[in-house]
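Trainee: I am new to this structure and would like a close look at a single part of it. Could you choose one helix, describe it with care, and then set it in the context of the rest of the chain?

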Amino acid sequence: MPRGRYKSRTLRRVFVKVPGGAVKLQYRKRKPAKAKCAVCAKQLAGVPRERPHIMRTLNKTAKRPERPFGGVLCSACTRLLLQRKARGVQ
Ligand SMILES: [Zn+2]
């Protein structure tokens with residue numbers, strides 16, 4: 001029977017093949033939630049969801065799309081915003 005702290009689903013379960021050839025169950029922390037658009041709450045593409053120690057190793061360009069509002073707004077909302085700004089509608 002697993003220890004008490006491993007009974008809940010707070011930690012995710014990963015089956016790992018160990019050097020001896022046996023398959024063992026390991027418990028790992030879950031990844032953060034996916035990034036969402038600030039306007040329409042659609043999930044953003046091109047934004048990795050990793051724990052901070054992995055995010056620290058990624059390049060800046062690998063962390064979000066290289067465009068205005070990249071990683072904040074989805075492409076459709078960005079397009080609408082820029083069109084409205086260019087037309088002076090606000
Ligand atoms: Zn959006």
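Mentor: Let us take helix α2, where none of the 13 residues is buried, so the helix lies largely in the open. Please keep in mind throughout that this is a predicted model. From its first C-alpha to its last, α2 reaches 18 Å, which is close to the 18 Å expected for its 13 residues at 1.5 Å a residue. In an α-helix there are 3.6 residues a turn, so residues three or four places apart point the same way. The helix is followed by Gly88, whose phi is positive, near 70 degrees.

On the other side of the helix, the loop between α1 and α2 (75-87) holds Phe69, a residue that has a positive phi of about 65 degrees although it is not a glycine. Phe69 counts as partly exposed, because it has 17 C-beta neighbours inside 10 Å, and a residue needs 20 or more to be called buried. A second residue to look at is Ala41, which is found in the loop between β2 (23-28) and α1 (52-55), and which also has a positive phi of about 65 degrees without being a glycine. Ala41 is exposed, because 9 other C-beta atoms lie within 10 Å, and the cut-off for an exposed residue is 12 or fewer.

From here we can step back to the strands. Taken from the N terminus on, the elements of the protein chain run β-β-α-α, and the radius of gyration of the chain is 20 Å, well over the 12 Å that the globule rule gives for 90 residues, so the chain is more spread out than a compact globule. Strands β1 and β2 pair in the antiparallel sense over six bridges, and among the residues facing each other across them, Val16 stands opposite Lys24 in β2, while Arg13 has Tyr27 of β2 as its bridge partner. The two strands form a hairpin with five residues between them, and in the turn Gly21 has a positive phi of about 100 degrees. Like the helix we began with, the strands are poorly covered: of the six residues of β1 (residues 12-17) the number buried is zero, so β1 lies largely in the open, and β2 is hardly covered, with a count of zero buried residues among its six.

The whole chain gives a setting for these local findings, since buried residues make up 3% of its 90 residues. Along its principal axes, the C-alpha trace spans about 65 × 25 × 15 Å. The domain assignment gives domain 1 (1-30) and domain 2 (33-90), and the C-alpha centres of domain 1 and domain 2 lie 34 Å apart. As for contacts between residues at least 6 apart in sequence, 24% of them join residues at least 24 apart. To return to the part you asked about, α2 is a helix of 13 residues with zero of them buried, and Gly88 with its positive phi comes after it.

Methods. Residues numbered from 1 in each chain as written. Predicted model: local features only at pLDDT ≥ 70, side-chain atom pairs only at ≥ 80, totals over all residues. Helix = DSSP H or I, 4+ residues; strand = E, 2+ residues; numbered from the N terminus. Pairing = 2+ DSSP bridges. Expected span 1.5 Å × (residues − 1). Rg over C-alpha atoms; globule rule 2.2 N^0.38 Å. Contact = placed C-beta atoms within 7 Å. Domains from an automatic or database assignment.
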